[in-house]
Amino acid sequence: SSVLFEAHELKKHYPVKAGLFKEEQLVKALDGVSFSLSRGQTLAVVGESGCGKSTLARSLTLIEPPTSGELRFDGQDILSLGAHAAKELRKRIQIVFQNPYGSLNPRKKVGQLLEEPLYINTDLTKAQRREKALAIMAKVGLRPEHYGRYPHMFSGGQRQRIAIARGLMLDPDIVIADEPVSALDVSVQAQVLNLMMDLQVEFGLSYIFISHDLSVVEHIADQVMVMYLGKVVEYGPRAQIFSHPRHPYTIALLSSTPRLNPDKRIDKIKLEGELPSPLNPPSGCAFHARCQYANARCHEQTPELKWHGDTQIACHALEEQRM
Ligand code: SF4
Ligand code: MG
């Protein structure tokens with residue numbers, strides 16, 4: 001399948017004033033992220049809260065453009081496009097947020113919320129906008145009578161359906177979903193995930209699906225990218241990541257995840273301690289303080305992503321075959 005969205009060495013570095021003397025420090029919220037996403041496929045981005053996932057989402061939609069790196073969408077370098085071309089292209093990249101309370105204006109009815117992107121971006125008439133809104137509502141499981149209701153009249157799951165419908169109004173090629181089901185009950189999560197998978201097939205969508213929870217992406221992902229403190233630590237095919245996780249952080253994330261079919265062959269690793277502050281990142285491998293395989297080299301030298309089979313992993317222990 002053809003490549004739709006490609007990132008090369010994306011970085012988001014910004015200075016902050018911190019500490020007792022308010023000295024300037026450089027935060028590396030994204031530090032060299034690369035991926036390649038094909039049409040109709042799903043890339044899942046996972047890691048603990050604070051690992052850079054949401055920064056990545058905002059960089060990819062150019063809400064907060066990256067500070068360096070390359071971003072190609074459908075063959076075009078979107079970071080070097082002029083304002084008009086970039087605006088046109090951005091319609092094809094939509095984002096759905098975790099909190100539909102926050103992202104849906106409570107003073108607007110569902111119909112208005114859905115038609116707004118068409119009003120802003122197209123020449124469609126009022127009747128055409130309404131027709132399109134009702135058609136998309138049907139696709140996400142909302143009924144015509146919902147058209148005139150306000151977001152607060154809906155359950156969390158239905159509200160997320162509204163947010164997804166709004167994301168589909170401009171016929172995007174790709175939807176970036178930042179923790180789209182994390183605020184929902186587990187039973188409702190499954191419904192929304194199934195809906196997203198149906199919509200993907202129907203509209204040929206690509207997804208970048210961001211989650212702190214690996215179990216959520218097990219069925220929807222084609223590729224999984226595990227991030228830690230702004231860097232990719234493991235990136236490969238879904239089946240590989242779930243059946244043979246290799247990076248100690250991936251193994252720890254999987255060990256803490258309740259799964260339907262736990263794989264007995266995977267030795268569990270308990271995830272101890274907290275994610276370090278990006279203001280004061282550890283030297284060498286950023287995971288070393290929490291890693292049972294860490295040695296002196298891990299404290300000094302940052303491991304690079306290297307191919308192991310069809311997966312890329314950044315870990316000295318794997319490279320040295322001592323785990
Ligand atoms: Fe652990 Fe070292 Fe591998 Fe980092 S590089 S994950 S500290 S073994
Ligand atoms: Mg986040």
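A residue counts as buried here if 20 or more other C-beta atoms lie within 10 Å of its own. Keep that cut-off in mind as we walk through this predicted model.

**Strand S7 and its neighbours**

Let's begin with strand S7, residues 174–178. All 5 of its 5 residues are buried, so the strand is largely enclosed by the rest of the structure. In a regular strand the side chains alternate between the two faces of the sheet. Here both faces are covered: Ile174, Ile176 and Asp178 are buried on one side, while Val175 and Ala177 are buried on the other.

Which strands pair with S7? Strand S6 (residues 93–96) does so in the parallel sense, over 4 bridges, and strand S8 (residues 206–211) is also a parallel partner, over 5 bridges. To find these pairings in your viewer, look for Gln94, whose bridge partner in S7 is Val175, and for Ala177, which stands opposite Phe209 in S8. From S7 the chain runs through helix H7 (residues 186–203) to reach S8, making a right-handed β-α-β crossover.

**Two residues with positive phi**

Two backbone angles are also worth a look. Glu9 has a positive phi although it is not a glycine, and Leu229, likewise a residue other than glycine, has a positive phi too.

| Residue | Phi | Location | C-beta atoms within 10 Å |
|---|---|---|---|
| Glu9 | about 50° | strand S1 (residues 3–18) | 13 other C-beta atoms |
| Leu229 | near 50° | loop between strand S9 (223–228) and strand S10 (231–237) | 23 C-beta neighbours |

Is Leu229 buried or exposed? With 23 C-beta neighbours inside 10 Å, Leu229 counts as buried. Glu9, with 13 other C-beta atoms within 10 Å, is partly exposed.

Note on methods. Residues are numbered from 1 along each chain as its sequence is written. Chains are lettered from A and ligands numbered from 1 in the order in which they are written. This is a predicted model: local features need pLDDT of at least 70, side-chain atom pairs count only at pLDDT 80 or more; totals for chains, interfaces and linings use all residues. A residue is buried if 20 or more other C-beta atoms lie within 10 Å of its own, exposed if 12 or fewer, and partly exposed in between; C-beta atoms are placed from the backbone. Helices (H or I, at least four residues) and strands (E, at least two) are DSSP runs, numbered from the N terminus. Two strands pair if DSSP finds at least two bridges between them. A crossover is right-handed if, with the strands pointing away from the viewer, the path from the first strand over the helix to the second runs clockwise.
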